Amino acid sequence: MTADRLLLNSYILPGRLADVHEGLQHAVEGERIGLSGIFVSERWETKEIASVMGALSQVTDHVGLLAGATHFGTRHPVVLAGMGATLQTLTKGRFQLGFARGVASHFRAFGIPALGLDGMRDYASLLRRLWAGETVEYRGPAGIYPEMKLGNPCPDPPPMILACVGEKTLQLAGAHFDGVILHPFLTAEAVARSTKIVRQAAEEAGRNPSDLRVYASVVVAPDTLSETQRKDVLDARAASYFMHAEVGRPLVTMNGWDPAPMERLAATDLNRFEYSSGKRDDVRAQLAAGSALLPRHWLETGAAVGTTEECVVRLREYQYAGADEILMVGTTPNHHGDLLKVANQR
């Protein structure tokens with residue numbers, strides 16, 4: 001970890017968007033202002049990760065490009081290995097392949113296998129073996145594959161990072177992946193606990209703990225936003241996470257919070273909006289209203305809010321808690337110019 005300089009990354013294309021072109025412009029701006037990396041979270045209807053990353057590879061020159069994240073089981077291992085190898089070529093080595101476990105109930109409804117910890121571990125191993133040029137025969141928790149092989153090995157395979165919140169998944173990341181994306185709305189103290197779990201698991205697996213990259217995801221909502229923007233960036237986003245018990249429970253556990261408010265939110269029917277066809281603004285307003293069921297300090301201590309200077313202070317708290325890099329969530333690179341100037345003043 002670099003103690004005196006914040007390494008800042010940013011999501012582009014947050015939430016449900018119909019057109020990715022604006023995100024390409026934001027990536028160009030992020031590279032211009034000095035971001036470390038650009039992250040894209042996959043939504044199949046408008047943000048299919050290979051398409052977006054391919055476009056980003058051609059409009060940027062040196063900023064890191066990170067899938068943060070796609071999901072296990074939505075692509076055949078050979079297809080995904082080929083995607084990763086191709087994107088490494090297109091980006092000239094700037095690509096990182098991020099995974100998230102996802103919400104199992106949604107995957108089951110779609111007929112997509114929801115892999116457990118052993119399946120995720122083995123899936124990562126399958127990709128590494130394919131990139132190494134092996135012919136792979138596999139039957140196990142990641143699926144059944146009689147004989148898989150890429151036409152050509154990948155001499156510079158992309159690092160694989162895992163989005164985590166629960167202790168067991170953090171241990172999996174430390175033992176078998178190249179880095180970890182911590183979930184938004186963790187406090188700085190929770191990031192310190194999470195980082196300790198990841199690095200201890202790496203050490204126990206015989207790996208060098210310092211080789212893993214820990215990204216602390218932090219919702220950034222400076223007071224330069226309008227009230228409507230702030231509710232979208234902060235309030236609606238908080239509800240969109242805590243309304244899923246599979247996500248909310250490990251979050252409140254890691255933060256040491258009383259789970260009752262999260263359980264009340266999860267008991268509502270807000271999760272019906274996850275894949276609804278309603279207007280985006282209407283959906284976000286409903287989610288923002290739902291966040292009233294959560295204690296306000298959850299949103300304030302688990303995010304960076306206030307003036308630009310106050311946001312930077314909070315980001316540094318996450319850095320001092322052990323994060324190698326910060327992933328800014330909610331706002332996009334066009335909002336981050338002043339923040340970067342303040343963050344890296346000498």
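Me: Leaving aside its neighbours within four places in sequence, what is I326 in contact with?
Reply: I326 touches L6, L7, L8, N9, A216, V218, L315, Y318 and Q319. Contact means heavy atoms within 4.5 Å. This is a predicted model, where local features need pLDDT of at least 70, side-chain atom pairs count only at pLDDT 80 or more, and totals for chains, interfaces and linings use all residues. Residues are numbered from 1 along each chain as its sequence is written, and side-chain values use heavy atoms, with hydrogens and water left out.

Me: Which residues touch the most other members of the largest nonpolar core?
Reply: L8, L56, L97, F242, L315 and I326 do, in a core of 112 residues. Such a core is a set of buried (under 20% relative accessible area, 1.4 Å probe, protein chains only) Ala, Val, Leu, Ile, Met, Phe, Trp, Tyr and Cys residues joined through side-chain atoms within 4.5 Å.

Me: New topic. How much space lies in the largest pocket?
Reply: About 1300 Å³. A pocket is an open set of points on a 1 Å grid over the protein atoms alone, where a 1.4 Å probe fits, with protein on both sides within 12 Å along at least five of seven lines; lining residues have an atom within 4 Å of a point. The volume is the space filled by probe spheres set on the points, which are joined across faces, edges and corners.

Me: Which lining residues are closest to its centre?
Reply: S41, H71, H183, Y241 and V247, out of 50 that line the largest pocket.

Me: And the second largest pocket, what volume does it have?
Reply: About 500 Å³. Its lining has 23 residues, and P14, Q229, D232, V233 and R280 lie nearest the centre.

Key
Buried < 20%, exposed > 50% of the residue type's maximum accessible area, 1.4 Å probe, protein only.
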